[in-house]
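Thank you all for making time this morning. I would like to walk you through one chain, and I will ask a few questions along the way and then answer them.

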Amino acid sequence: MTEIEKNFYNIFNLGAYFKNNGNTVFRLFTFSDTEKVVVEVKSVQQPIKCFELNKVKKCIWELELESGKISEGDRYRFVITRNGKVVTVKDPCSMYQDSYFKWSILYNHNNFKWNDEDWTNGLNNRRVSRL
């Protein structure tokens with residue numbers, strides 16, 4: 001992970017991500033009047049697991065699961081209770097999903113090997129520019 005990416009995740013830490021110790025963090029920014037947030041996790045050939053997030057700030061809900069409770073590639077979504085109504089949503093900060101309308105997918109960026117040094121160092125002239 002590049003220094004820019006590390007800074008982004010350190011500042012915002014939204015969505016789902018794996019920590020270096022193998023734990024998984026779910027962090028959601030939602031409405032201030034939210035009463036409850038649960039993350040549903042669906043593994044292959046397993047029943048859906050539900051974990052309740054804790055309110056850590058006015059609009060931030062968070063949960064850290066120990067390594068081994070869920071795995072990379074598991075599907076997940078959030079269940080938000082607000083004003084007595086329950087809404088199921090995909091992760092708005094999802095790093096990976098099959099399609100726009102499906103569950104979000106846990107992806108471990110710690111395992112990804114970046115290979116774009118030429119691009120980030122300005123050696124690749126195929127840059128995107130504004131018209």
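Let me begin with a question: is Y107 buried, partly exposed or exposed? Please keep in mind throughout that what you are looking at is a predicted model. Y107 has a relative accessible area of 27%, so it counts as partly exposed. Its ring pairs with that of Y96, and because the centres lie 6.2 Å apart with the planes at 50 degrees, the pair is described as tilted. Y96 sits in the loop between β8 and β9, whereas Y107 sits in the loop between β9 and α2, and the two are 11 residues apart. Y96 is likewise partly exposed, at 42% relative accessibility.

While we are in that loop between β9 and α2, I would also point out N108. N108 has a relative accessible area of 12%, and for that reason it counts as buried. Setting aside residues up to four places away in sequence, N108 touches F18 and E72.

Now let me turn to the interior. How many residues does the largest nonpolar core have? It has 17, and those with the most contacts inside it are F26, V39, L53, Y76 and F78. The elements that contribute two or more residues to this core are β1, β2, β3, β6 and β7.

There are four aromatic pairs in the model by the rule used here. In one of them, the rings of F26 and Y76 have their centres 5.3 Å apart and their planes at 65 degrees, so this pair is edge-to-face. F26 belongs to strand β2 and Y76 to strand β7, so the pair ties together parts of the chain that are 50 residues apart in sequence. Both F26 and Y76 are buried, and ring pairs join these two with F78 into a cluster.

V39 deserves a moment as well, since we have just met it among the core residues with the most contacts. Not counting residues up to four places away in sequence, V39 touches F26, K49, C50, F51, L53, L63, Y76, R77 and F78. C50, which lies in strand β4, is in contact with V38, V39 and E40 once its neighbours within four places are left aside. For those who like a distance to hold on to, the C-alpha atoms of C50 and V79 are separated by 9.4 Å, with their positions 29 residues apart along the chain.

Those contacts bring us to the hairpin. β3 and β4 pair in the antiparallel sense over four bridges, and within that arrangement V41 stands opposite K49 in β4. The hairpin has six residues between its strands, and there Q45 takes a positive phi near 60 degrees, although Q45 is not a glycine. Q45 is exposed, with a relative accessible area of 77%. A second residue of this kind is N83, with a positive phi of about 55 degrees, found in the loop between β7 and β8 and exposed at 52% relative accessible area.

Finally, the charged pairs, of which the count comes to four salt bridges. Which residue does R82 pair with in a salt bridge? The partner is D33, with the closest N and O atoms 2.6 Å apart. R82 is in strand β7 and D33 in the loop between β2 and β3, so to speak distant parts of the chain, 49 residues apart. R82 is partly exposed at 29%, as is D33 at 30%, and R82 also lies over the face of F31, at 3.6 Å from the ring centre.

R77 and E40 meet in another salt bridge, at 2.7 Å from N to O. Because R77 lies in strand β7 and E40 in strand β3, this pair ties together parts that are 37 residues apart in sequence. Here R77 is partly exposed, with a relative accessible area of 25%, whereas E40 is buried at 15%.

The last one I will show is E64 with K19, whose closest N and O atoms are 3.3 Å apart. E64 is in strand β6 and K19 in the loop between β1 and β2, 45 residues apart. Both ends are partly exposed, E64 at 39% and K19 at 32%.

Methods. Residues are numbered from 1 along each chain as its sequence is written. This is a predicted model: local features need pLDDT of at least 70, side-chain atom pairs count only at pLDDT 80 or more; totals for chains, interfaces and linings use all residues. Side-chain values use heavy atoms; hydrogens and water are left out. A salt bridge is a side-chain nitrogen of Lys or Arg within 4 Å of a carboxyl oxygen of Asp or Glu. Buried means under 20% relative accessible area, exposed over 50%, partly exposed in between (1.4 Å probe, protein chains only). A nonpolar core is a set of buried Ala, Val, Leu, Ile, Met, Phe, Trp, Tyr and Cys residues joined through side-chain atoms within 4.5 Å. Contact means heavy atoms within 4.5 Å. Two strands pair if DSSP finds at least two bridges between them. Rings of Phe, Tyr and Trp (its six-membered ring) pair if their centres lie within 6.5 Å; planes under 30 degrees apart count as stacked, over 60 as edge-to-face and the rest as tilted. A charge sits over a ring if NZ of Lys or CZ of Arg is within 6 Å of the ring centre and within 35 degrees of the ring normal.
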